[in-house]
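Work through the exercises below with the structure open. Try each task before reading its solution.

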Amino acid sequence: MKIFKLSLMSLGLSIALFASENLSLTQQHEESLVRGIIPSTKVLKVERAQIDGFYKAYLENGNILYINPFNRAIFVGELYTAGGINITANDREEWGKELSQTQMQDMDIDYLVKDTKKLVYGKGSKDYEFLIFTDPECPFCNRLEEWLEQQNATVLVNFLPLSFHPNAEKWSLEILSAKDFKQAMHITRTTQKDQNIKITQKARDTLKKMQEKSAKLQIQGTPMIYVLDKAKNIVVEQIEGADIARFSKYIKEETK
């Protein structure tokens, strides 16, 4: 099997775009050939690529491989048009959106909110709840939580202490062990110091369940926010990072 790294910036290859359609018998056969090249890799979708003879294999991790099943070749790299447009980046962005939308539609909301701790800021939110996977030592999480404290928002907290934050696990356990969860969250965020709260077994059990949920959802960074529509009981958006601009549109809707 041949594996190449590819950049088409300067190559005069013709670009052929194929409209999506229901799979014909020929396309089903072609898809089977592509999957056969990488049988141990989970491929969620196959489409003809922009280069004759090659196919795009869409992977569950958000990546895309370019495969020619007829000569058993795989291109690993970025595809560019002669004009400098990164075709791969555009395809990957669209694939990421599709994966995220599918994941949200398939989510078990009861499982998602289980074992979280609820915080109500201001009057709370009428239409939405915000489930946050957070690390008490993460500066981006702290920035987002500082902003949330000033809003009317209902927040569901799921701790995900990251391994490179030396205090994150201890602080998560202290907050979960505190008599006043909301106050403990605020103190830890504003002081970034130990509170010397006696850690309970219940807190340890709860944090373990929170971490297991994060692993199952393949969440690796914080903050990660799921916006829940309370009336429809569905996830309407997944927001990565302290993207307050995207977040605030839901807060603004509450005030209309």
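**Exercise 1. A residue with positive phi**

Task: Classify Asp115 as buried, partly exposed or exposed from its relative accessible area.

Solution. The relative accessible area of Asp115 is 26%. Buried requires under 20%, and exposed requires over 50%. Asp115 is therefore partly exposed. Next, place the residue: Asp115 sits in the loop between helix H3 (109-113) and S6. Then check the backbone. Phi of Asp115 is near 70°, which is positive in a residue other than glycine. Keep in mind that the model is predicted.

**Exercise 2. The overall picture**

Task: How many helices and strands does the protein have, and what share of its residues is buried?

Solution. Count the elements: there are eight helices and ten strands. Then turn to burial. Of the 256 residues in the protein, 44% are buried. Now take the contacts with a separation of 6 or more. Residues 24 or more positions apart account for 64% of them. Finish with the surface. The protein exposes about 14500 Å². Carbon and sulfur atoms supply 49% of that area.

**Exercise 3. The surroundings of H5**

Task: Explain why helix H5 (residues 168-177) is described as largely enclosed by the rest of the structure.

Solution. Start with the count. Eight of the ten residues of H5 are buried, so the helix is largely enclosed by the rest of the structure. Name them: Ala168, Trp171, Ser172, Leu173, Glu174, Ile175, Leu176 and Ser177. Now find what covers them. The buried residues of H5 pack against two strands, S6 (117-121) and S8 (153-159), and against two helices, H6 (181-191) and H7 (201-216).

**Exercise 4. H5 against H7**

Task: Is H5 oblique, roughly parallel, roughly antiparallel or roughly perpendicular to H7?

Solution. Take the geometry first. The axes of H5 and H7 come within 9 Å and cross at roughly 120°. That angle makes H5 oblique to H7. The crossing is right-handed. List the residues in contact. H5 contributes Glu169, Ser172, Leu173, Leu176 and Ser177. H7 contributes Ala203, Arg204, Thr206, Leu207 and Met210. Sort the residues of this contact by class: five are nonpolar, three polar and two charged.

**Exercise 5. H5 against H6**

Task: What angle do H5 and H6 make, and how far apart are their axes?

Solution. The two helices pack at about 150°, with their axes 8 Å apart. The cut-off for roughly antiparallel is over 145 degrees. H5 is therefore roughly antiparallel to H6. On the H5 side, the contact uses Trp171, Ile175 and Leu176. On the H6 side, it uses Phe181, Ala184, Met185 and Thr188. By class, the contact of H5 with H6 has six nonpolar residues, one polar and no charged.

**Exercise 6. Ile239 and a cis peptide bond**

Task: Which residues does Ile239 contact, leaving aside its neighbours within four places in sequence?

Solution. Locate Ile239 in strand S10 (residues 234-240). Its relative accessibility is 0%, so Ile239 counts as buried. Its contacts are Pro223, Met224, Ile225, Val227, Arg246 and Phe247. For a distance check, use Tyr226, which is 13 residues away along the chain; the C-alpha atoms of Ile239 and Tyr226 are separated by 6.4 Å. Now follow one contact, Pro223. Pro223 lies in the loop between H7 and strand S9 (224-229). The peptide bond from Thr222 to Pro223 is cis, with omega near -5°.

**Exercise 7. Two buried residues**

Task: What are the relative accessible areas of Glu129 and Met107?

Solution. Take Glu129, in strand S7 (residues 128-134). Its relative accessible area is 15%, so Glu129 is buried. Beyond its neighbours within four places in sequence, Glu129 contacts Lys118, Thr154, Leu156, Tyr226, Val227, Leu228 and Lys230.

Turn to Met107, in the loop between helix H2 (87-106) and H3. Met107 has a relative accessible area of 14%, so it is buried. With neighbours within four places in sequence left aside, Met107 contacts Leu112, Leu217, Tyr226 and Val235. Leu217 is 110 residues away along the chain, and its C-alpha atom is 9.6 Å from that of Met107.

**Exercise 8. Another positive phi**

Task: Where does Asn233 lie, and what is its phi?

Solution. Asn233 lies in the loop between S9 and S10. Its phi is about 55°, positive although Asn233 is not a glycine. With a relative accessible area of 44%, Asn233 is partly exposed.

Key:
Residues numbered from 1 in each chain as written. Predicted model: local features only at pLDDT ≥ 70, side-chain atom pairs only at ≥ 80, totals over all residues. Heavy atoms only, no water. Helix = DSSP H or I, 4+ residues; strand = E, 2+ residues; numbered from the N terminus. Buried < 20%, exposed > 50% of the residue type's maximum accessible area, 1.4 Å probe, protein only. Contact = heavy atoms within 4.5 Å. Areas by Shrake-Rupley, 256 points an atom, 1.4 Å probe, with all protein chains shown as cover. Axes fitted to C-alpha atoms, helices over the stretch in contact; angles between N-to-C directions. Parallel < 35°, antiparallel > 145°, perpendicular 65-115°, else oblique. Left-handed = near helix turned anticlockwise from the far one by under 90°. Nonpolar A, V, L, I, M, F, W, Y, C, P; charged D, E, K, R; others polar.
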